[in-house]
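User: Please take a close look at one helix-helix contact in this model. Then set it beside the other packing features that can be described.

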Amino acid sequence: MAISENFWKNKPVIVTGSNGFVGKHLTERLLSLGALVVPLSRSAGISIDVTDRASLTPFFEKKPGVVFHLAGESLVEKGQDAPYDTFQTNFTGTLNVLELSRLFHIPRVIIASTAHVYGEGTPPFSEDDPPRPSRPYETSKTITDLLAQSYADSFDLGVVIGRFANIYGPGDTNVTRLIPKTLRYALQKKPVPMWGGTAKREYLYIDDAVAAYLMLGAMPAVKLERNRIFNFGAGNPIDARGIIEAIGGLFGEKITIVPADYERKNEITDQYVSWEKASRILGWKPGIDLREGLTRTIEWHKNNTIVS
């Protein structure tokens, strides 16, 4: 799907979670395209907690053309440690965004979701596969997906749900995620702790994820189907050991792997998705392969990560 060169120029846009890893990249790209971005975040930009509906309302009263809702708890570990907060943030925040979008007739609302909602099963998962969540994080995201689909069906709201594989790339410094964690240890010349190591995931480079969000925001309403979900993957399922070894190869030195002193309960065995629907309707496909994406990410960390 070709996006008009001027589609985003002077278009008012809200990005919640604008200071997160993906939110920062999306906001920067929208600004470069001329969009009038209102960046909402708890930690930077305009300081807003999406669970506080009253503080959100003035921004929706201005009737932006597109809302990208990326704010929320996005870590499996946080869901295990603080399940109440995870459910509260993800459910209430999404409900507030959807209800305000209904009240102020926002034409397009993109809800950030995850491939984790598919749970255990036989991949690659399609948008028609039912969610099978178990842990609090993916259960909270399943609930918000259902909530978004309900608003789309009940109120003819232009909601679209993007379910993404693991997103990685320059700027991600969250060391609870495999790639930033491995890079931090590698730069410190320390062994990398690994739990398990055989579960397969796919890794989507940040620029490809941002391109997907832009396509969802610009997609003509006539292309919306009843199932508002779009999967975005990379077609490169690989286990944790394979990722660590790939990073070691690109570093030019062997990385030592040691058993982690922790476990992840109810870890999903294999998880990757079919993105045939995104290809067919949007013309989207990943453009950066894993080797190139890791090379760019390693270079960024070498130049930006403080090693102590």
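Analyst: In this predicted model, helix α8 (residues 240-251) packs against helix α10 (residues 290-304) at an angle of about 65°, and their axes are 10 Å apart. Angles of 65 to 115 degrees count as roughly perpendicular, so α8 is roughly perpendicular to α10. The crossing of α8 and α10 is right-handed.

On the α8 side, the contact is made by I243, A246, I247, L250 and F251. On the α10 side, L290, R291, L294, T295, I298 and K302 take part. Sorted by class, the contact of α8 with α10 has 8 nonpolar, 1 polar and 2 charged residues.

A second helix pair can be described in the same terms. Two packed helices are described by the angle between their axes and the distance between the axes. For helix α2 (residues 53-61) and helix α4 (residues 83-103), the axes come within 10 Å and cross at roughly 40°. That angle lies outside the ranges for roughly parallel, antiparallel and perpendicular, and α2 and α4 are therefore oblique to each other. The crossing of α2 and α4 is right-handed.

From α2, the residues R53, L56, T57 and F60 meet N96, V97, E99, L100, S101 and L103 of α4. The contact of α2 with α4 has, by class, 5 nonpolar, 3 polar and 2 charged residues.

Aromatic side chains are the remaining topic. Across the whole structure, a search finds 11 aromatic pairs. One of them joins F7 and W8: the ring centres are 4.9 Å apart and the planes stand at 85°, so this pair is edge-to-face. The two partners fall into separate exposure classes: F7 has 26% relative accessibility and counts as partly exposed, whereas W8, at 2%, counts as buried.

W275 and W284 also form an edge-to-face aromatic pair, with 5.6 Å from centre to centre and 90° between the planes. Here W275 is partly exposed, with a relative accessible area of 22%. Its partner W284 is buried, with a relative accessible area of 2%. The cut-off behind these labels is 20%: buried means under 20% relative accessible area.

Both pairs belong to one aromatic cluster, which is formed by F7, W8, F68, F164, Y213, F232, W275 and W284.

How values were computed: Residues are numbered from 1 along each chain as its sequence is written. This is a predicted model: local features need pLDDT of at least 70, side-chain atom pairs count only at pLDDT 80 or more; totals for chains, interfaces and linings use all residues. Side-chain values use heavy atoms; hydrogens and water are left out. Axes are lines fitted to C-alpha atoms, for helices over the stretch in contact, and angles run from 0 to 180 degrees between N-to-C directions. Helices (H or I, at least four residues) and strands (E, at least two) are DSSP runs, numbered from the N terminus. Angles under 35 degrees count as roughly parallel, over 145 as roughly antiparallel, 65 to 115 as roughly perpendicular and the rest as oblique. A crossing is left-handed if the near helix is turned anticlockwise from the far one by less than a right angle, and right-handed if clockwise. Contact means heavy atoms within 4.5 Å. Ala, Val, Leu, Ile, Met, Phe, Trp, Tyr, Cys and Pro count as nonpolar, Asp, Glu, Lys and Arg as charged, and the others, Gly among them, as polar. Rings of Phe, Tyr and Trp (its six-membered ring) pair if their centres lie within 6.5 Å; planes under 30 degrees apart count as stacked, over 60 as edge-to-face and the rest as tilted. Buried means under 20% relative accessible area, exposed over 50%, partly exposed in between (1.4 Å probe, protein chains only).
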